[in-house]
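Reader: I would like to learn how the words used for a protein model are justified by their cut-offs. Could you take me through them one by one?

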Amino acid sequence: QVQLVESGGGSVQIGGSLRLSCAASGRIRAINTMGWHRQAPGKERELVATIMPSGDTSYADSVKGRFTISRDHVENTVYLQMNGLKPEDTAVYYCNAEIVRLSTRTMDYWGKGTLVTVSS
């Protein structure tokens, strides 16, 4: 089976940095779009950033200039470098990927999430 596993969350002070990682494993033929979403307490899940196989990226306005998404095609891993963290960045961060399985079936997969807490 295919799974996504996030790592790198934790607690950080305002203005600090964290780097999230998400590794895809299993019977994978190819990976299309990869991305990061987040869900803050009491709020809906929102898109943070996406990256295409070409390397093209997009970001939510709230994180532009502070967050950088990247991916390693060999390791099937997507990263989110988060700088200048603010309290409003506190959330559970979820990795997402559109994966083409060896069977050629394409499915959307989600990780279980990693908590990021930003405090003073």
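Reader: What makes R101 count as lacking a salt bridge?

Author: A salt bridge is a side-chain nitrogen of Lys or Arg within 4 Å of a carboxyl oxygen of Asp or Glu. For R101 the nearest side chain of opposite charge, D108, is 12 Å away, and R101 has no salt bridge although R101 is buried. Opposite charge here rests on counting Lys and Arg as positive and Asp and Glu as negative, while His and the chain ends are not counted. This is a predicted model, in which local features need pLDDT of at least 70 and side-chain atom pairs count only at pLDDT 80 or more, while totals for chains, interfaces and linings use all residues. Residues are numbered from 1 along each chain as its sequence is written, and side-chain values use heavy atoms, with hydrogens and water left out.

Reader: Where does R101 lie, and which residues does R101 touch?

Author: R101 lies in strand β9, residues 91-101, where a strand is a DSSP run (E, at least two residues), numbered from the N terminus. Leaving aside residues up to four places away in sequence, R101 touches Q1, V2, R27, R29, M107 and Y109, contact meaning heavy atoms within 4.5 Å.

Reader: Why is R38 called buried, and E46 partly exposed?

Author: Buried means under 20% relative accessible area, exposed over 50%, and partly exposed in between (1.4 Å probe, protein chains only). R38 has 5% relative accessibility and therefore counts as buried, whereas E46, at 35%, counts as partly exposed.

Reader: How do you know that R38 and E46 form a salt bridge?

Author: Their closest N and O atoms are 2.6 Å apart, and the limit is 4 Å, so the pair qualifies as a salt bridge. R38 also meets D89 in a salt bridge, at 2.9 Å from N to O. That second pair links distant parts of the chain, since R38 is in strand β4 and D89 is in the loop between β8 and β9, 51 residues apart.

Reader: Why does D89 count as buried, and what else does D89 pair with?

Author: The relative accessible area of D89 is 0%, and therefore D89 is buried. The side chains of D89 and R66 meet in a salt bridge as well, at 2.7 Å from N to O. Here too distant parts of the chain are linked, with R66 in the loop between β6 (57-59) and β7, 23 residues from D89. R66 is buried, as D89 is. Together R38, E46, R66 and D89 are linked in a network of salt bridges, and the structure holds four salt bridges.

Reader: What makes R19 count as lying over the face of Y79?

Author: A charge sits over a ring if NZ of Lys or CZ of Arg is within 6 Å of the ring centre and within 35 degrees of the ring normal. R19 lies over the face of Y79, at 4.0 Å from the ring centre, and R45 lies over the face of W110, at 4.8 Å.

Reader: Which residues touch the most other members in the largest nonpolar core?

Author: A nonpolar core is a set of buried Ala, Val, Leu, Ile, Met, Phe, Trp, Tyr and Cys residues joined through side-chain atoms within 4.5 Å. Of the 31 residues in the largest one, W36, L80, M82, Y93 and I99 touch the most other members. The largest share of this core, five residues, comes from β9.

Reader: Why is V116 called buried?

Author: V116 has 0% relative accessibility and therefore counts as buried. V116 lies in strand β11, and among the residues that V116 touches are L18, L20, M82, D89 and Y93.

Definitions and conventions. Helices (H or I, at least four residues) and strands (E, at least two) are DSSP runs, numbered from the N terminus.
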